[in-house]
Amino acid sequence: MTGFGRSERDGIVVEIRSVNHRYFDFHTRIPQPLLKLEEKIKKNMSTICRTWPC
């Protein structure tokens, strides 16, 4: 199954793409000052994606 979603709010754009994968692969394109949050964002997104109802 493949899916795509995009949302914009307060100048922040979030895109989520899903392809037929068993593993969670997360990439960000965020401004330099926010790079320190990347690992925390990845961890939170992984948890949300694993627990999202199918």
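Start with the secondary structure: the protein chain has one helix and two strands. This is a predicted model, so keep your confidence colouring handy as you go. Run along the sequence and you'll read the pattern β-β-α. Zoom out to the C-alpha trace, and the principal axes give spans of about 35 × 20 × 15 Å. Now colour by accessibility: of the 54 residues in the protein chain, buried ones make up 2%.

**Stop 1: the salt bridges**

How many salt bridges does a search of the whole structure find? There are three. Select Arg6 and Glu8 for one of them, where the closest N and O atoms are 3.1 Å apart. Arg6 is partly exposed, at 47% relative accessible area, while Glu8 counts as exposed, with 56% relative accessibility.

Keep Arg6 selected and add Glu15. Here is another salt bridge, with the closest N and O atoms 2.5 Å apart. Glu15 is partly exposed, with a relative accessible area of 32%. Show all three side chains together: through shared salt-bridge partners, Arg6, Glu8 and Glu15 form one network. In general, side chains of opposite charge can pair when their charged atoms come close.

Next, pick Arg9 and Asp10. Their side chains also meet in a salt bridge, at 4.0 Å from N to O. Are these two buried or exposed? Both Arg9 and Asp10 are exposed.

**Stop 2: a nonpolar patch**

Switch on the surface and select Ile12, Val14 and Ile16. Together they make a nonpolar surface patch of about 260 Å². Centre on Val14, which sits in strand β2. Val14 is partly exposed, since its relative accessible area is 42% and the partly exposed range runs from 20% to 50%.

**Stop 3: the largest pocket**

Now bring up the pocket view. The largest pocket has a volume of about 1700 Å³, and 37 residues line it. Which residues lie nearest its centre? Select Glu15, Ile16, Arg17, Phe26 and Met45. You've met two of these already: Glu15 from the salt bridge with Arg6, and Ile16 from the nonpolar patch.

Colour the lining by element next. β1 (3-9), β2 (12-18) and α1 (38-51) each supply at least two residues. Which of them gives the most to the lining? That's β2, with seven residues.

Then recolour the lining by residue class. You should get 21 nonpolar, 10 polar and six charged residues.

**Stop 4: Met45 and Phe24**

Stay with Met45 and step out to its surroundings. Met45 belongs to helix α1. Is Met45 buried or partly exposed? With a relative accessible area of 23%, Met45 is partly exposed, and the cut-off for buried is under 20%. Draw a C-alpha to C-alpha distance from Met45 to Phe24: they are 9.3 Å apart in space and 21 residues apart in sequence.

**Stop 5: the loop at Pro31**

Where is Pro31 found? Look in the loop between β2 and α1. Pro31 is partly exposed, with a relative accessible area of 47%. For a last distance, go back to Arg6 from the first stop: the C-alpha atoms of Pro31 and Arg6 are separated by 18 Å, with their positions 25 residues apart along the chain.

**A view to save**

To keep the tour in one scene, show the salt-bridge network of Arg6, Glu8 and Glu15 as sticks, put the patch of Ile12, Val14 and Ile16 on a surface, and leave the lining of the largest pocket coloured as 21 nonpolar, 10 polar and six charged residues.

Terms used. Residues are numbered from 1 along each chain as its sequence is written. This is a predicted model: local features need pLDDT of at least 70, side-chain atom pairs count only at pLDDT 80 or more; totals for chains, interfaces and linings use all residues. Side-chain values use heavy atoms; hydrogens and water are left out. On a 1 Å grid over the protein atoms alone, a cavity is a set of points where a 1.4 Å probe fits but cannot get out, and a pocket is an open set with protein on both sides within 12 Å along at least five of seven lines; lining residues have an atom within 4 Å of a point. Grid points are joined across faces, edges and corners, and a volume is the space filled by probe spheres set on the points. Helices (H or I, at least four residues) and strands (E, at least two) are DSSP runs, numbered from the N terminus. Ala, Val, Leu, Ile, Met, Phe, Trp, Tyr, Cys and Pro count as nonpolar, Asp, Glu, Lys and Arg as charged, and the others, Gly among them, as polar. Buried means under 20% relative accessible area, exposed over 50%, partly exposed in between (1.4 Å probe, protein chains only). Patches are made of residues with over 30% relative accessible area and no salt bridge: like charges are joined within 9 Å, nonpolar side chains (Val, Leu, Ile, Met, Phe, Trp, Tyr) within 5 Å. Accessible areas come from the Shrake-Rupley method with a 1.4 Å probe; for residues, only the protein chains shown count as cover.
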